[in-house]
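The report that follows walks through one protein chain, from individual contacts to cores, a pocket and backbone geometry. Please keep the sequence and the structure in view while reading.

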Amino acid sequence: MTPRQTARLPGRGPDIPLITLTAHAPGPAVVLTANLHGDEYTGTAALLALLPRLERDLRCGRLLLLPSLNLPGLRLRARRFEDEDLNRLFPGSRFGSPAAAHAARLWAFLSAEPFDLLLDLHADTPDAIPYALIDRAVSLSGPARASLEARCAALAAASGLAPLREYPDDRYARFRLDRSLTGAVINRLHRPALTLEAGPRLHLDPAASATMQAAVVRILHALDMLPLPHDLPAPRPPPLPPGPWRRDSGPRSAAEGLLSPLVRPGALCSPGHPLASVRSLTGDTLETICAPSAGFVIAWTDLFFIPAQTMVCTWAEHD
């Protein structure tokens with residue numbers, strides 16, 4: 001049995017609980033974070049459900065579990081921290097807004113830790129595939145960039161989730177994804193990191209929690225830190241053609257109305273294939289939204305009645 005230590009991160013502000021498991025044999029150090037967005041519960045539930053298995057089966061190395069990075073948001077069922085998205089603020093600033101100071105407190109802890117991998121656990125919309133996001137190492141070039149991104153891609157594939165690369169370089173920087181938690185770890189600390197997405201926001205789905213637990217176990221198994229249990233749920237990604245695939249912005253509606261998806265997330269579509277219809281409240285079809293390229297829906301919006309110019313889904317296409 002691996003001994004468990006509990007603490008809170010030093011510094012002023014809301015509690016950031018920390019659970020540390022250290023095996024007797026040396027090995028990698030992995031940081032597992034969740035609830036950066038306060039309305040996303042899957043990761044928190046998955047980490048706490050995994051804890052007995054991790055204590056019992058950890059073969060080597062060290063695990064640092066941070067089950068909630070946004071306690072105020074968790075209490076309020078709110079995505080943001082003080083009306084800011086923590087996942088665009090890293091490395092933060094001790095002299096900035098409350099959210100920036102909170103990010104800086106977490107970043108100070110991570111910067112002082114010699115970890116080998118960070119897994120940040122998130123949730124998406126109710127109608128989405130489970131997936132592993134691979135950040136762009138835009139701060140590096142040449143072999144260093146290729147090596148770090150390849151390491152992240154291999155771990156994403158090991159998760160059993162659908163591996164997706166992030167937006168292309170220009171939009172990756174424009175959307176400040178290099179200041180997300182995983183993006184900052186990759187681009188400032190130059191260490192592997194992945195974002196794992198499973199389950200809906202504002203709801204705890206036991207099946208999604210099981211999917212997330214299995215993904216974490218598979219990654220730790222790939223690092224030789226855990227055995228692969230016989231009762232592990234089968235991977236749940238859709239049967240995708242060979243990639244690599246990347247996340248992209250989906251099409252937008254022209255009309256206001258009721259959104260009716262016509263395809264399931266993960267179903268491969270050719271360019272121009274009908275994806276969804278928009279109908280009026282009297283039942284008339286106002287618009288048919290079509291696939292912008294060869295690819296598939298990652299997640300449908302969680303809106304039913306959509307304003308005009310709403311992005312109706314996130315989209316995956318060949319990278």
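Which residues does S68 touch, not counting residues up to four places away in sequence? In this model, which is predicted rather than experimental, S68 touches I16, P17, A34, N35 and L74. The residue lies in the loop between β4 (60-66) and α2, and S68 counts as buried because its relative accessible area is 5%, where buried means under 20%. The C-alpha atoms of S68 and H37 are separated by 8.9 Å, with their positions 31 residues apart along the chain.

**Contacts across the sequence**

P227 offers a second case, placed in the loop between α7 and β9. Although P227 and D57 are 170 residues apart along the chain, their C-alpha atoms are separated by 7.1 Å, and D57 is one of the residues that P227 touches, together with R59, V217 and H221, when residues up to four places away in sequence are not counted. P227 is partly exposed, with a relative accessible area of 27%. A162, in strand β7 (residues 162-165), is buried, its relative accessible area being 0%. A162 and A103 are 59 residues apart in sequence, and the C-alpha to C-alpha distance between them is 28 Å.

**Nonpolar cores**

In soluble globular proteins, nonpolar side chains tend to be buried together. In this model the largest nonpolar core has 67 residues, and the members that touch the most other members are L63, L66, L110, L194, L196 and L220. Helix α7 (residues 206-222) gives the largest share of this core, 7 residues. Apart from it lies another core, of 15 residues, which includes L259, L275, V312 and W315. To return to L110, its contacts, leaving out residues up to four places away in sequence, are V31, F115, L118, L181, L189 and R191.

**The largest pocket**

How much space lies in the largest pocket? The volume is about 830 Å³, and of the 35 residues that line this pocket, R79, R88, Y167, R247 and T314 are the closest to its centre. Two or more lining residues come from each of β5 (117-124), β6 (131-134), β8 (193-200), β9 (245-249), β13 (295-300) and β15 (313-318), with β5 giving the largest share, 3 residues. By residue class, the lining divides into 12 nonpolar, 11 polar and 12 charged residues.

**Cysteines**

How many disulfides does a search of the whole structure find? The search finds 0 disulfides. C60 is in no disulfide, and the nearest cysteine sulfur, in C152, is 19 Å away; C60 counts as buried, at 11% relative accessibility. Why is C290 not bonded to C269, which holds the cysteine sulfur closest to its own? The two sulfur atoms are 10 Å apart, which is too far for a bond, because a disulfide needs the sulfur atoms within 2.5 Å. At 33% relative accessibility, C290 counts as partly exposed.

**Backbone geometry**

Most residues other than glycine have a negative phi, and most peptide bonds are trans. The table gathers the places in this model that depart from these tendencies.

| Residue or bond | Feature | Angle |
|---|---|---|
| F90 and P91 | cis peptide bond | omega about 15° |
| G243 and P244 | cis peptide bond | omega about 5° |
| L202 | positive phi | phi near 60° |
| D224 | positive phi | phi about 65° |

For the cis bonds, P91 is found in the loop between α2 (71-76) and α3 (98-112), whereas P244 is placed in the loop between α7 and β9. D224 also has its place in the loop between α7 and β9, and D224 counts as exposed, at 52% relative accessibility. L202 sits in the loop between β8 and α7 and is partly exposed, with a relative accessible area of 40%.

Notes
Residues are numbered from 1 along each chain as its sequence is written. This is a predicted model: local features need pLDDT of at least 70, side-chain atom pairs count only at pLDDT 80 or more; totals for chains, interfaces and linings use all residues. Side-chain values use heavy atoms; hydrogens and water are left out. On a 1 Å grid over the protein atoms alone, a cavity is a set of points where a 1.4 Å probe fits but cannot get out, and a pocket is an open set with protein on both sides within 12 Å along at least five of seven lines; lining residues have an atom within 4 Å of a point. Grid points are joined across faces, edges and corners, and a volume is the space filled by probe spheres set on the points. Helices (H or I, at least four residues) and strands (E, at least two) are DSSP runs, numbered from the N terminus. Ala, Val, Leu, Ile, Met, Phe, Trp, Tyr, Cys and Pro count as nonpolar, Asp, Glu, Lys and Arg as charged, and the others, Gly among them, as polar. A nonpolar core is a set of buried Ala, Val, Leu, Ile, Met, Phe, Trp, Tyr and Cys residues joined through side-chain atoms within 4.5 Å. Buried means under 20% relative accessible area, exposed over 50%, partly exposed in between (1.4 Å probe, protein chains only). Contact means heavy atoms within 4.5 Å.
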